[in-house]
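Trainee: I would like to learn how to read contacts, cores and backbone oddities in a model. Where do we start?

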Amino acid sequence: MQSRIAVLSNAGGSGKTTLSVHMAYEMSLYGLSVALIDLDPQGSLSLFCGLSQPEPEQTLASVLHNDFAGQWPLEKCWGDVTNKVGVVQGGMILTRVADEMVLHRRGAYLLGDCLKDYPLPHDLVIFDCPATLGPLTLLALSACTHILVPVQLEPKSIQGSARLIEWIYHNSKQLRLDPAPKIIGFVPNQYDTRRATHRQILEDLPTQLDQLGIHCFPPVRDSAEFINASGQGLPLHLYRHQHPAQADFKEVSEHIVKLIGKKVKKKK
């Protein structure tokens, strides 16, 4: 079964798009193909992947239309270095889609239906979700096989993550998802070793998550270079090849490769 990971968080600025983009590029280094699907009306993936803002018919909205017949509007990104990553772009048109979903008979199942009827050929699909737990996020929940949660090491973000877990379990039951998507882990993001609050939360978080059967991955450090790289439409690997923060994604990328189940070796 194809692995589909929803990158979920109910807080803005948690690093969802940064994590999605870097996981996609990491997978390409293993020779694995990835489809990035942007469910966020802000369309951040377009910026982070160096793509122009699309016309409405070239976004996910065209997929979620009744007459969709399998023409996924995939745009290649970073084509000068890889042919393994494609993007289905988001945009403000998705706010209208969210409103229309309420009246649709299949509502929350629309994206999963499209992927079942017209499968993408990629080894991995990553859903970059909005920061609100509304109809668009339900689309990802019902279509994904796994969930990855980026979280800032701030008290408010940790409290919000507890509500997110409740939301995932409640809606998985309400939608009768079988099997229900599995939370494969939390990824602490924007970690600053100089901040006592960050150090304390990072010390306590693995134990708290372990009680729920959820893994805590090593943190991704706070660095202005992530912002600089995204402004150029590149992952950090391509923007600053020798930057040490690239290693922060090692464990989570290795875990995802195991989920995919192919015997592959990472390019150096």
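Mentor: Start with one residue. This is a predicted model. Leaving aside neighbours within four places in sequence, Leu60 is in contact with Ile37, Asp38, Leu39, Val88, Gln89, Leu94 and Leu111.

Trainee: Which residues touch the most other members of the largest nonpolar core?

Mentor: The general idea first. In soluble globular proteins, nonpolar side chains tend to be buried together. Here the largest nonpolar core has 53 residues. Ile37, Leu60, Trp72, Leu111, Phe127 and Ile147 touch the most other members. Helix 6 (residues 135-143) gives the largest share of this core, 6 residues. A second, separate core has 37 residues, including Tyr30, Phe48, Phe226 and Ile256.

Trainee: Ile256 sits in helix 11. Which residues of helix 11 are buried?

Mentor: Think of the helix turn. An α-helix has 3.6 residues a turn, so residues three or four places apart point the same way. In helix 11 (residues 250-260), the buried ones are Val252, Ser253, Ile256, Val257 and Ile260. Down the axis of helix 11, these buried residues fall within an arc of 140°, so they line one face.

Trainee: What do the buried residues of helix 11 pack against?

Mentor: Their partners are strand 1 (3-7), helix 1 (16-29), strand 5 (124-128), strand 6 (146-152) and strand 7 (182-189). Just after helix 11, Gly261 takes a positive phi of about 85°.

Trainee: Now the loop before helix 11. Is His243 buried or exposed?

Mentor: Buried means under 20% relative accessible area. His243 has 11%, so it is buried. His243 lies in the loop between helix 10 (236-239) and helix 11. Its side chain reaches the backbone nitrogen of Ala245 at 3.1 Å. Beyond four places in sequence, His243 is in contact with Ser223, Glu225 and Leu236.

Trainee: Which residues are closest to the centre of the largest pocket?

Mentor: Take the volume, then the lining. The largest pocket holds about 450 Å³ of space. Of its 23 lining residues, Gly13, Ser14, Gly15, Thr18 and Phe48 are the closest to its centre. Helix 1, helix 2 (44-48) and helix 9 (224-231) each give two or more residues to the lining.

Trainee: Last, the backbone. What stands out in the loop between helix 7 and strand 7?

Mentor: Check omega and phi. The peptide bond from Asp178 to Pro179 is cis, with omega near 5°. Pro179 is in that loop, after helix 7 (155-174). Arg176 lies there too. Arg176 has a positive phi of about 55° although it is not a glycine. At 74% relative accessibility, Arg176 counts as exposed.

Conventions:
Residues numbered from 1 in each chain as written. Predicted model: local features only at pLDDT ≥ 70, side-chain atom pairs only at ≥ 80, totals over all residues. Heavy atoms only, no water. Buried < 20%, exposed > 50% of the residue type's maximum accessible area, 1.4 Å probe, protein only. Helix = DSSP H or I, 4+ residues; strand = E, 2+ residues; numbered from the N terminus. Arc of directions from axis to C-beta. Contact = heavy atoms within 4.5 Å. Core = buried A, V, L, I, M, F, W, Y, C linked by side-chain atoms within 4.5 Å. Polar contact = N/O pair within 3.5 Å; in protein donor to acceptor, adjacent residues only side chain to side chain. 1 Å grid on protein atoms, 1.4 Å probe; cavity = no way out; pocket = protein on both sides within 12 Å on 5 of 7 lines; lining within 4 Å. Points joined across faces, edges and corners; volume = space filled by probe spheres on them.
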